Amino acid sequence: MARFEDERRDMIDVLKERGITDERLLQAMMKVERHLFVSEPFVNRAYDDTALPIAKQQTISQPYTVAFMTQQLDLKDGAKVLEIGTGSGYQAAILAELGCKVYTIERHVDLLLQARKMFEKRGYRIGSKVGDGTIGWSEFGPYDGIVVTAAAPNVPEPLKEQLAEGGRLVIPVGDLDLQDLHVIIKTGSSFQVRIAQGFKFVPLIGKKGWNG
Ligand code: SAM
């Protein structure tokens, strides 16, 4: 049996109990080995439903948060998705497993280089760059989904502008201690917004984020 398979199955059961229903997503999360995206001494805790530290004082998001955000994106096979905040590369790997065309931006070069190694090892073809994700990545847009994995003070306008028709932007918005998750759906020239409460992310730092 593959390493941590039982623990990964237990994690999937927790996600189901917490209301994650998308079978394709649950399968992708069963397949991606979260323990490879963290370092000691956290490897044994990789399948706990909790955020864990990675380098540069950042975190790999909690499995439930990754699942909830991804479910909110409502992605079809082959959808084009932009992730802001590559971190460990785990969320990007889940999106790639779902059959999406993935682009991801990280502001810390060391994190991005480490994540790229993981993508190469696992055979994921993911577009990535070091930069300020608050201004998006217009070159490859528009996107069917944009997921921001760090907390913003406001919704950056460039990200809304880079959404395709019917596309969704999922982003935590609030103060530094607590945020609400905004799910913004582009319909024609207007945007519908749904809000889920009570999330905690590291700050989104950039021109249209904190310290911008
Ligand atoms: N998605 C990541 C994963 O699966 O491991 C979790 C990311 S962590 C919660 C948030 C990341 O956003 C950090 O790595 C941080 O450096 C990055 N970040 C913060 N502001 C950013 C910005 N303006 N552009 C790109 N990345 C940013």
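This is a short chat about the pockets and the cavity in a predicted model.

Reader: What volume does the largest pocket have?

Author: A pocket is an open space, while a cavity is one that a probe cannot get out of. Here the largest pocket comes to about 600 Å³. To find its centre, look for Thr59, Thr149, Ala150, Phe201 and Val202, the closest to it of the 39 lining residues.

Reader: Okay, and which element gives the largest share of that lining?

Author: That's α3, with three residues. Several elements supply at least two residues each, among them β2 (59–60), β3 (80–84), α4 (90–97) and β9 (190–199).

Reader: How does the lining of the largest pocket split by class?

Author: You'll count 16 nonpolar, 17 polar and six charged residues.

Reader: What about the second largest pocket, and which residues are closest to its centre?

Author: This one has a volume of about 270 Å³. Phe37, Ser39, Ile54, Ala55 and Gln114 are the closest to its centre, out of 16 lining residues. Helix α5 (residues 109–122) gives the largest share of this lining, five residues. By class, the lining of the second largest pocket has 10 nonpolar, four polar and two charged residues.

Reader: Now the closed kind: how many cavities of 30 Å³ or more does a search of the whole structure find?

Author: Just one, and its volume is about 50 Å³. Around it sit Asp22, Arg24, Leu25, Thr70, Gln71, Asp74, Leu75 and Leu98. Two elements, α2 (23–31) and α3, each give two or more residues to that lining.

Reader: And which classes line the largest cavity?

Author: Three residues are nonpolar, two are polar and three are charged.

Note on methods: Residues numbered from 1 in each chain as written. Predicted model: local features only at pLDDT ≥ 70, side-chain atom pairs only at ≥ 80, totals over all residues. Heavy atoms only, no water. 1 Å grid on protein atoms, 1.4 Å probe; cavity = no way out; pocket = protein on both sides within 12 Å on 5 of 7 lines; lining within 4 Å. Points joined across faces, edges and corners; volume = space filled by probe spheres on them. Helix = DSSP H or I, 4+ residues; strand = E, 2+ residues; numbered from the N terminus. Nonpolar A, V, L, I, M, F, W, Y, C, P; charged D, E, K, R; others polar.
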